[in-house]
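Here are a few short exercises to work through with the model open in your viewer. Try each one yourself before reading the solution.

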Amino acid sequence: MRRGQAGPGEGSADPAAQWREQAAAYGLPDSLSLVRDEAEASARRADLLSRAVEEMRGVSGLLEDVQRAAQTAVDARRLAECSRRTVLDSFGRLSDARATLEACRQRSGMDELALVQEASAARQAHTDVRGRLARARRKAAEANSIASAARQAQADAARRLQESRPRAKASVEAVRRCLALDGLAEALTGTAQDGSADHNDAGTWLKELRARLLAVPQPSAGIDACADALRHHLAAAPDEDWRLGHGPAPERMPTHQLSLAGRRMSPHAAARMAAAHQAEAHHAYSAADENALENFVLGRIPTAISTAWVELQDWAEEVNEQMKLTAASSGVGVQIELALRRDLPPSIATIHHLTCKVGDAERTPEQQRRIGQELLAVMRLGEEMRAGDAGPGSRRADRLAEAIDIRTWVTVKYMITRPGTTRQERWGARGVTVSKGESRLIVLAPMLAALAAEYRDLPPHAARLCALDEVPGDVDDHGRDGIAAYLATLDLDLMSTSHNWDGSPGAWDGIDIFELEKAPEDTVIAFPVRVYSPLLQQAAGHLKASPAGAS
């Protein structure tokens, strides 16, 4: 057993004593105070060791920084040595440059500033030249590339040209065969087949041919449609000797050939011959037309003008006699007066004098020819003034109608008549005054006469409607009865509105009156009143007049 250790029987008696013994045996503190002091001392020593470690770490980093600084210093010393050598070299070059500059200045006689400016300009010029040289090199490279591509394209074109020569030769021959057709070259305005042309000038010849083909007007329909239309036209004229058939056609090109009385010819020659025949026929027609017109003008027109003039005067007298019925209660009435226009052309004035003032029996042959000459002169003047109208036949008919229309030769004046005097006053003249009712009668009477003249060609059973609005307004009873009698004389069927006129039953065969009154809810009630003569009652199926309010 070791010394200081208790035997098996001793330890169980005092553990603390045993611990102290063991601690003393190991050289350790054997009391709690000593253990506590030893722990505190150990903690202080551990703290010191930690700080020492940290300080050693900082010293290590400082040593690394010092090492890097030393390396940097070595590099800086090496760079400084290089810079020193560079400075020395630069100083040497500067000295050489100054010596050269001084030598140049001495040789050139210029100061240093001028030499510096010249050197700067030379450097700038050198830079510009180098830039232009670079651009020129790029352009040269591009030009070489383009030239290479052009050479390749030229070679390809030459190859294609060589390959297309047989086809082009065949095409030119086909065009020449087409132009050999009868009439085709002539239709192309002078283009003919040139047998002496070789392949070298075939291109120019084809260009000219193309230009002439483009100059040919394009038809509104195809050649087959035109041929069908021409066949229908020829079929509609069986007396004509023209015939249309198919001509010789190369390959699939459609051709047509015309024949006249068995004689075959090209379309161009046929058109030229047809134009010649048309011109001859037109000339013959014009000559016959002029001859017939001259005979008609000299034979019948003067008599027709004379008759129309007499009828116009008779109509005016008849209308004036009828308008006497429309006089107002004051006796004021209206008459119409036909006066020859003062601005008539000399030819028309001459025609009027020889046809209207000189009778047919009194007219000499010389005067008869003079009338025909003046009529033809009027027609030619109209032809010059209306050159852009329809065909010559229609223009001739229109000019002839205008030349003999005597209505355009006169002016119509309204002349006011007053009772107790033969003097007449022109309506609208200065100083001529009438009442409102008289003015209504003066305007209405000639207007109704003109309306009746428009109906003069209708059959007797036709309606001659005259629609007027508030006609009897401002007219007294005498004037209203005159209007009614005047309308009956003119055989006009009046339809009029009025608020104070029940018509004039004694003036006509019958009258239908509808009195209108407004009713509630925007409705209108009509009260018809029919006043018929016995004859009209029998014709209308009414045995007697309906009372007011009956339908």
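**Exercise 1.** Does Arg135 count as buried, partly exposed or exposed, and why? Then place Arg135 in its helix and in its surface patch.

*Solution.* One thing to keep in mind throughout: this is a predicted model.
- Step 1: start with the cut-offs, where buried means under 20% relative accessible area and exposed means over 50%.
- Step 2: Arg135 comes out at 43% relative accessibility, so it counts as partly exposed.
- Step 3: look along the chain, and you'll find Arg135 in helix α3, which covers residues 112-179.
- Step 4: now check the charges around it. Arg135 joins Arg132, Arg138 and Lys139 in a positive surface patch.

**Exercise 2.** Work out which residues form a nonpolar patch on the surface with Trp19, and what accessible area they have together.

*Solution.*
- Step 1: find Trp19 in helix α1, residues 15-25.
- Step 2: Trp19 has 36% relative accessibility, and therefore counts as partly exposed.
- Step 3: a patch residue needs over 30% relative accessible area, and the 36% of Trp19 fits that.
- Step 4: the partners are Leu32 and Val35, and the three residues together have about 290 Å² of accessible area.

**Exercise 3.** Look at the backbone of Asp491 and Asp522. What is the sign of phi in Asp491, and what is it in Asp522?

*Solution.*
- Step 1: recall the background. Most residues other than glycine have a negative phi.
- Step 2: Asp491 goes the other way, with a positive phi near 60°. Asp522 also has a positive phi, of about 55°, without being a glycine.
- Step 3: place them. Asp491 sits in the loop between α13 (477-490) and β8 (493-497), while Asp522 is in the loop between β9 (510-519) and β10 (523-532).
- Step 4: add the exposure. Asp491 has a relative accessible area of 43%, so it is partly exposed. Asp522 reaches 72% relative accessibility and so counts as exposed.

**Exercise 4.** Zoom out to the whole protein. How many helices and strands are there, and what percentage of the residues is buried?

*Solution.*
- Step 1: count the elements, and you get 14 helices and ten strands.
- Step 2: of the 551 residues, 23% are buried.
- Step 3: turn to the surface. The protein exposes about 38,600 Å², and carbon and sulfur atoms supply 56% of that.
- Step 4: finish with the contacts. Take those with a separation of 6 or more: residues 24 or more positions apart account for 52% of them.

How values were computed:
Residues are numbered from 1 along each chain as its sequence is written. This is a predicted model: local features need pLDDT of at least 70, side-chain atom pairs count only at pLDDT 80 or more; totals for chains, interfaces and linings use all residues. Side-chain values use heavy atoms; hydrogens and water are left out. Patches are made of residues with over 30% relative accessible area and no salt bridge: like charges are joined within 9 Å, nonpolar side chains (Val, Leu, Ile, Met, Phe, Trp, Tyr) within 5 Å. Accessible areas come from the Shrake-Rupley method with a 1.4 Å probe; for residues, only the protein chains shown count as cover. A salt bridge is a side-chain nitrogen of Lys or Arg within 4 Å of a carboxyl oxygen of Asp or Glu. Lys and Arg count as positive and Asp and Glu as negative; His and the chain ends are not counted. The place of a charge is taken as NZ of Lys, CZ of Arg, CG of Asp or CD of Glu. Helices (H or I, at least four residues) and strands (E, at least two) are DSSP runs, numbered from the N terminus. Buried means under 20% relative accessible area, exposed over 50%, partly exposed in between (1.4 Å probe, protein chains only). Contact means heavy atoms within 4.5 Å.
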